[in-house]
Amino acid sequence: MTQDKSQPGDEAAPSPEELREQVEATREELGETVEALAARTDVKTRAAEKSSAVKQQVAAKTTHVRTQLKDKAAHAAHAVQDKTPEPVRAKAAAATAQVHDKAAHLGELARDKAPQPVREKADQGMRAARANRAPLLAAAGALIALLLIRRARRH
(Lines give C-alpha, C1' and ligand atoms only; values in the text may rest on other atoms or scores of the structure.)
Protein backbone atom coordinates (compact mmCIF):
# COMPACT_ATOMS: atom_id res chain seq x y z
CA MET A 1 0.00 0.00 0.00
CA THR A 2 1.36 3.40 -0.92
CA GLN A 3 1.22 6.43 1.24
CA ASP A 4 0.05 9.72 -0.24
CA LYS A 5 1.52 11.74 2.57
CA SER A 6 5.16 12.49 2.49
CA GLN A 7 7.31 11.49 5.37
CA PRO A 8 8.29 14.15 7.84
CA GLY A 9 11.64 15.50 6.93
CA ASP A 10 11.18 14.84 3.18
CA GLU A 11 10.18 18.44 2.58
CA ALA A 12 11.11 21.56 4.40
CA ALA A 13 8.44 22.72 6.84
CA PRO A 14 6.57 25.82 5.65
CA SER A 15 7.65 29.04 7.20
CA PRO A 16 5.28 31.06 9.38
CA GLU A 17 4.93 33.60 6.57
CA GLU A 18 3.91 30.89 4.10
CA LEU A 19 1.39 29.55 6.60
CA ARG A 20 -0.07 33.06 7.03
CA GLU A 21 -0.40 33.43 3.25
CA GLN A 22 -2.12 30.04 3.00
CA VAL A 23 -4.50 30.96 5.82
CA GLU A 24 -5.28 34.31 4.19
CA ALA A 25 -5.91 32.64 0.79
CA THR A 26 -8.17 30.09 2.47
CA ARG A 27 -10.07 32.88 4.24
CA GLU A 28 -10.62 34.72 0.93
CA GLU A 29 -11.86 31.54 -0.77
CA LEU A 30 -14.16 30.81 2.17
CA GLY A 31 -15.50 34.38 2.08
CA GLU A 32 -16.24 34.11 -1.63
CA THR A 33 -17.97 30.78 -1.09
CA VAL A 34 -20.11 32.19 1.72
CA GLU A 35 -21.06 35.19 -0.44
CA ALA A 36 -22.05 32.89 -3.30
CA LEU A 37 -24.17 30.75 -0.99
CA ALA A 38 -25.77 33.84 0.54
CA ALA A 39 -26.62 35.16 -2.93
CA ARG A 40 -28.28 31.86 -3.80
CA THR A 41 -30.40 31.91 -0.69
CA ASP A 42 -31.39 35.59 -1.01
CA VAL A 43 -34.79 34.95 -2.58
CA LYS A 44 -35.84 38.60 -2.52
CA THR A 45 -32.83 39.75 -4.53
CA ARG A 46 -33.12 36.86 -6.96
CA ALA A 47 -36.82 37.63 -7.45
CA ALA A 48 -36.01 41.29 -8.07
CA GLU A 49 -33.36 40.33 -10.63
CA LYS A 50 -35.79 37.98 -12.37
CA SER A 51 -38.49 40.66 -12.32
CA SER A 52 -36.09 43.15 -13.86
CA ALA A 53 -35.17 40.68 -16.58
CA VAL A 54 -38.83 39.99 -17.35
CA LYS A 55 -39.58 43.72 -17.47
CA GLN A 56 -36.80 44.20 -20.00
CA GLN A 57 -38.12 41.33 -22.10
CA VAL A 58 -41.66 42.74 -22.00
CA ALA A 59 -40.41 46.21 -22.95
CA ALA A 60 -38.48 44.77 -25.90
CA LYS A 61 -41.48 42.71 -27.03
CA THR A 62 -43.78 45.73 -26.67
CA THR A 63 -41.48 47.85 -28.80
CA HIS A 64 -41.33 45.10 -31.41
CA VAL A 65 -45.12 44.66 -31.51
CA ARG A 66 -45.67 48.44 -31.62
CA THR A 67 -43.34 48.70 -34.60
CA GLN A 68 -45.13 45.86 -36.35
CA LEU A 69 -48.52 47.47 -35.75
CA LYS A 70 -47.31 50.81 -37.09
CA ASP A 71 -45.98 49.10 -40.20
CA LYS A 72 -49.20 47.15 -40.73
CA ALA A 73 -51.34 50.27 -40.24
CA ALA A 74 -49.24 52.19 -42.75
CA HIS A 75 -49.43 49.28 -45.20
CA ALA A 76 -53.21 49.03 -44.79
CA ALA A 77 -53.62 52.76 -45.27
CA HIS A 78 -51.56 52.64 -48.47
CA ALA A 79 -53.54 49.65 -49.73
CA VAL A 80 -56.84 51.42 -49.09
CA GLN A 81 -55.51 54.61 -50.64
CA ASP A 82 -54.34 52.77 -53.76
CA LYS A 83 -57.74 51.13 -54.22
CA THR A 84 -59.73 54.28 -53.54
CA PRO A 85 -60.80 56.36 -56.59
CA GLU A 86 -59.36 59.87 -56.86
CA PRO A 87 -62.66 61.74 -56.25
CA VAL A 88 -63.19 59.80 -53.03
CA ARG A 89 -59.63 60.52 -51.93
CA ALA A 90 -60.13 64.21 -52.60
CA LYS A 91 -63.34 64.21 -50.54
CA ALA A 92 -61.58 62.28 -47.77
CA ALA A 93 -58.71 64.77 -47.75
CA ALA A 94 -61.14 67.69 -47.60
CA ALA A 95 -63.13 66.02 -44.82
CA THR A 96 -59.92 65.27 -42.93
CA ALA A 97 -58.81 68.89 -43.18
CA GLN A 98 -62.22 70.09 -42.07
CA VAL A 99 -62.28 67.69 -39.12
CA HIS A 100 -58.75 68.75 -38.20
CA ASP A 101 -59.68 72.43 -38.24
CA LYS A 102 -62.84 71.86 -36.19
CA ALA A 103 -60.96 69.69 -33.70
CA ALA A 104 -58.26 72.31 -33.31
CA HIS A 105 -60.85 75.02 -32.75
CA LEU A 106 -62.79 72.92 -30.22
CA GLY A 107 -59.55 71.97 -28.52
CA GLU A 108 -58.65 75.61 -28.05
CA LEU A 109 -62.10 76.39 -26.63
CA ALA A 110 -61.94 73.42 -24.28
CA ARG A 111 -58.43 74.33 -23.17
CA ASP A 112 -59.49 77.87 -22.32
CA LYS A 113 -62.40 76.67 -20.18
CA ALA A 114 -60.87 73.56 -18.58
CA PRO A 115 -59.32 73.50 -15.08
CA GLN A 116 -55.54 73.12 -14.76
CA PRO A 117 -55.44 69.35 -13.92
CA VAL A 118 -57.60 68.58 -16.94
CA ARG A 119 -55.32 70.70 -19.15
CA GLU A 120 -52.28 68.77 -17.93
CA LYS A 121 -53.91 65.42 -18.77
CA ALA A 122 -54.96 66.73 -22.17
CA ASP A 123 -51.40 67.88 -22.85
CA GLN A 124 -50.13 64.38 -21.99
CA GLY A 125 -52.66 62.91 -24.44
CA MET A 126 -51.59 65.33 -27.15
CA ARG A 127 -47.93 64.44 -26.66
CA ALA A 128 -48.81 60.75 -27.01
CA ALA A 129 -50.86 61.45 -30.15
CA ARG A 130 -48.03 63.48 -31.67
CA ALA A 131 -45.57 60.71 -30.91
CA ASN A 132 -47.81 58.26 -32.82
CA ARG A 133 -49.04 60.70 -35.46
CA ALA A 134 -48.40 58.60 -38.56
CA PRO A 135 -50.38 55.51 -37.48
CA LEU A 136 -53.20 57.66 -36.12
CA LEU A 137 -53.47 59.67 -39.33
CA ALA A 138 -53.26 56.51 -41.42
CA ALA A 139 -56.02 54.88 -39.40
CA ALA A 140 -58.19 58.01 -39.55
CA GLY A 141 -57.66 58.34 -43.29
CA ALA A 142 -58.48 54.69 -43.84
CA LEU A 143 -61.63 55.00 -41.74
CA ILE A 144 -62.79 58.11 -43.58
CA ALA A 145 -62.03 56.51 -46.94
CA LEU A 146 -64.01 53.40 -46.00
CA LEU A 147 -66.95 55.49 -44.82
CA LEU A 148 -66.94 57.51 -48.03
CA ILE A 149 -66.72 54.34 -50.14
CA ARG A 150 -69.68 52.83 -48.30
CA ARG A 151 -71.62 56.05 -48.74
CA ALA A 152 -70.79 56.19 -52.45
CA ARG A 153 -71.90 52.59 -52.96
CA ARG A 154 -75.26 53.25 -51.28
CA HIS A 155 -76.00 56.08 -53.70
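**Figure 1. Glu28 and the patch of negative charge in the predicted model.** In this predicted model, E28 is partly exposed, with a relative accessible area of 47%. The residue is found in helix α1. On the surface, E28 gathers with E24, E29, E32 and E35 in a patch of negative charge. The view is centred on E28, and the other members of the patch, E24, E29, E32 and E35, are included with it.

**Figure 2. The salt bridge between R20 and E17****.** The side chains of R20 and E17 meet here, with a distance of 3.4 Å from N to O. This pair satisfies the limit of 4 Å between a side-chain nitrogen of Arg and a carboxyl oxygen of Glu, and therefore counts as a salt bridge. Under this rule, the count for the model comes to one salt bridge. Both residues belong to helix α1, which spans residues 16-41. R20 and E17 are three residues apart, about one turn of the helix. R20 counts as exposed because its relative accessibility is 54%, whereas E17, at 45%, counts as partly exposed.

**Figure 3. The patch of positive charge formed by R111, R127, R130 and R133****.** These four arginines gather on the surface. One of them, R130, has its place in helix α4, which covers residues 116-131.

**Figure 4. The largest nonpolar core****.** Five residues make up this core: V88, A92, I144, L148 and I149. Helices α3 (86-113) and α5 (133-154) each supply at least two of its residues. The largest share, three residues, comes from α5. As a general point, nonpolar side chains in soluble globular proteins tend to be buried together.

**Figure 5. K61 in helix α2****.** Helix α2 comprises residues 43-83, and K61 is found within it. With a relative accessible area of 52%, K61 lies over the 50% limit and is therefore exposed. The view also includes T26, which is 35 residues from K61 in sequence. In space, the C-alpha atoms of K61 and T26 are 46 Å apart.

**Figure 6. K72 in helix α2****.** The relative accessibility of K72 is 59%, so this lysine counts as exposed. A93 is shown together with K72; the two residues are 21 residues apart in sequence. From C-alpha to C-alpha, K72 and A93 are 21 Å apart in space.

Technical notes. Residues are numbered from 1 along each chain as its sequence is written. This is a predicted model: local features need pLDDT of at least 70, side-chain atom pairs count only at pLDDT 80 or more; totals for chains, interfaces and linings use all residues. Side-chain values use heavy atoms; hydrogens and water are left out. Helices (H or I, at least four residues) and strands (E, at least two) are DSSP runs, numbered from the N terminus. Buried means under 20% relative accessible area, exposed over 50%, partly exposed in between (1.4 Å probe, protein chains only). Patches are made of residues with over 30% relative accessible area and no salt bridge: like charges are joined within 9 Å, nonpolar side chains (Val, Leu, Ile, Met, Phe, Trp, Tyr) within 5 Å. Accessible areas come from the Shrake-Rupley method with a 1.4 Å probe; for residues, only the protein chains shown count as cover. Lys and Arg count as positive and Asp and Glu as negative; His and the chain ends are not counted. The place of a charge is taken as NZ of Lys, CZ of Arg, CG of Asp or CD of Glu. A nonpolar core is a set of buried Ala, Val, Leu, Ile, Met, Phe, Trp, Tyr and Cys residues joined through side-chain atoms within 4.5 Å.
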